[in-house]
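Colleague: Please show the model, so that we may discuss it together.

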Amino acid sequence: MADDEILVDARGHRCPVPTLRLRRALEAAGPGARVRLLADDPMARIDVPHFAAEIGAEIVARDERGGAFSFLVAKP
């Protein structure tokens, strides 16, 4: 994780909690900020990209390992 990333660890929570925490972090962050969301709910695979598209955010990177997901989202 880069020093300029905001980390949101939502592992252990079911949707919509990971997406809601991502939303709060992005709302509090300045333009162009990057937020890394960690989640382990399989619905995050669907919910996070849908949410990002809805607000015009870009998913810069995504990774899936051992049932855990990492999304790096850039605020527009």
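Colleague: Where is the place of proline 16?

Modeller: This is a predicted model, in which local features need pLDDT of at least 70, side-chain atom pairs count only at pLDDT 80 or more, and totals for chains, interfaces and linings use all residues. Residues are numbered from 1 along each chain as its sequence is written, and side-chain values use heavy atoms, with hydrogens and water left out. Helices (H or I, at least four residues) and strands (E, at least two) are DSSP runs, numbered from the N terminus. Proline 16 has its place in the loop between β1 (5-9) and α1 (17-28).

Colleague: Which residue is joined to proline 16 by a cis peptide bond?

Modeller: Most peptide bonds are trans. Here omega is about 15°, and the cis bond joins proline 16 to cysteine 15.

Colleague: Which residues of α1 are buried, and why are they on the same side?

Modeller: Buried means under 20% relative accessible area, exposed over 50%, and partly exposed in between (1.4 Å probe, protein chains only). The buried residues cover an arc (of the directions from the helix axis to the C-beta atoms) of only 125° around the axis, which puts them on the same side of α1. They are Pro18, Thr19, Leu22, Ala25 and Leu26.

Colleague: Which exposed residues does the face of α1 turned away from its buried side carry?

Modeller: An α-helix has 3.6 residues a turn, so residues three or four places apart point the same way. On the face of α1 turned away from the buried side, the exposed residues are Arg24, Glu27 and Ala28.
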